[in-house]
Amino acid sequence: FQLREQFGFENQTEVDGEILLHLYDRFGPQKMASLLDGVFAFILLDTANRKVCVGRDTFGVRPLFKVLTNDGFLGVCSEAKGLTELSVVAGAKAAVDPFPPGHCEVFDLKPNGKVVSVQMEAFHHCTKEPAHAVYDSAPALLAGVDEDAVKANIRTLFENAVRKRLMAQRRIGCLLSGGLDSSLVSATLMKLAKEEKLQYPLQTFSIGSEDSPDLLAARKVVAAYIGSEHHEVNFSIQEGIQAVRDVIYHLETYDITTIRASVPMFLVSKYIREKSDSVVIFSGEGSDELTQGYIYFHKVTPAETSQDTTRTL
C-alpha cells in the first residue's frame, strides 16, 4: 500500500504481489527487490523481453532453491525436495542449491525454454541501510550513541517493525513462550493492535511439556497481563518423538540443534492451523542473532562478535 501510494501505481487487483509488476516495469529487477520491505521469494516471468527474474529476501526467511543445468534447464522451488527429481529428468547433472538471500538473478529466456544467467547481484546486505528505509513511516531516530538515545532508537525501530506488520489482511496471532523476546513482541503487538482498533481479540499460543511448570507459569502471567486470548499446547515425549520424522522431512536437514528446536515449533504450528483461524503469526525468533543473546557471544572479542553476527544474519 505504501509503495502504491508513494509511486502512484494503479492496481487492478487487491493481491499484494501485484506491486512487483509495477516496480519491475518502472525500475527493473534490482531496484524492485531492494524496495520490498518484508520477507519474500519471487519468480517473475517477463515474456515481452524474454527474461526470468528470481529473488529472495535479505535474511532468507523465505526458503528458495534452484537447479540450473549446464544446458540451461532451470528449476526453482521453495523446497529442495521439489527439485531433486527434476535434476535427473533434465538429463544433465546439476546440484540443487539454496538461492542466496538478498540477491536477485536475471536469466535470458531462449525460444526453446532454456535459460542463461546474465546477472546475479546483491540488492541489500544486513550491515547497510536498506533502500526502502527512505519510504518508511518510522519517526526520525535520535542522533548520537549515548545510552538514552540508543534505547529510544531501539524502541522506535522495534515498535515500527511490529506496527508495519499489522497491515496483514488475515487474522494475526503471536507465539508466547514466557521469555523476554516473545513477551516483548506480544505486549507491543497488543498495545499497537488496540491503537489500530483491530476488530478481533489477539490470540497467543504457547507449547510445552507438563514438566516445564516455570515456563508455563511465566507465559500465563504475561498473557493475563496483556489480555490476550491465550492457547496452551502440551505435548508428551512420545508425541515429540513421533513428530521427528515429519520435522526432518519439512526442514530438509539432519542438524540436531535445528531439529530439537523445531519439534515444538512444528507441533504448535500444527495446532494453530487446525484449531484456530490465526494465519499471520508473530514471534520472538531471530532476536538472539540480532542482539547477540547467545552465551557464546559473551566469550569472544567485539570484532569476532561483529563478524559472527553478520555471518549468522
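Hi everyone. Let me start with a definition: two strands count as a pair if DSSP finds at least two bridges between them. Keep that in mind for the strands I am about to show you, and please remember throughout that this is a predicted model.

With that in hand, take strand β3, residues 65-68. β3 and β4 pair in the antiparallel sense, over four bridges. To find a spot on that pairing, look for Phe65, which stands opposite Cys77 in β4.

Now let's widen the view. Which strands make up the sheet, and in what order? There are three, in the order β4-β3-β5, and the sheet is open, with antiparallel pairing. β4 (74-77) and β5 (96-98) are at the edges, and each has a single partner strand, so one side of each is left without a neighbour in the sheet. From one strand to the next, the twist averages 25°.

As a bit of background, strands of a sheet pair through backbone hydrogen bonds, either parallel or antiparallel.

Let's move on to the aromatic rings. How many aromatic pairs are there? The count comes to six, taking rings whose centres lie within 6.5 Å. I'll walk you through two of them.

My opening example is Phe7 with Tyr135. Their ring centres are 5.3 Å apart and the planes meet at 70°; an angle over 60 counts as edge-to-face, so that is what we call this pair. The two residues come from distant parts of the chain, 128 residues apart: Phe7 sits in helix α1 (residues 2-7), while Tyr135 is in the loop between β7 (115-122) and α5 (147-164). Is Phe7 buried or exposed? Its relative accessibility is 15%, so Phe7 counts as buried. Tyr135, at 27%, counts as partly exposed.

The other example is Phe205 with Tyr271. Here the centres are 6.4 Å apart and the planes stand at 65°, so this pair is edge-to-face too. It also links distant parts of the chain, with Phe205 in strand β9 (residues 203-208) and Tyr271 in helix α9 (residues 256-275), 66 residues apart. Phe205 has a relative accessibility of 1% and counts as buried, whereas Tyr271, at 21%, counts as partly exposed.

Back to Phe7 and Tyr135 for a moment: together with Phe9 and Phe27, they form one aromatic cluster.

One more ring before I stop. Where does the charged end of Lys81 sit? You will find it over the ring of Tyr249, 4.3 Å from the ring's centre.

Thanks for listening!

Definitions and conventions. Residues numbered from 1 in each chain as written. Predicted model: local features only at pLDDT ≥ 70, side-chain atom pairs only at ≥ 80, totals over all residues. Heavy atoms only, no water. Axes fitted to C-alpha atoms, helices over the stretch in contact; angles between N-to-C directions. Phe/Tyr/Trp six-rings, centres within 6.5 Å; stacked < 30°, edge-to-face > 60°. Buried < 20%, exposed > 50% of the residue type's maximum accessible area, 1.4 Å probe, protein only. Lys NZ or Arg CZ within 6 Å of the ring centre and 35° of its normal.
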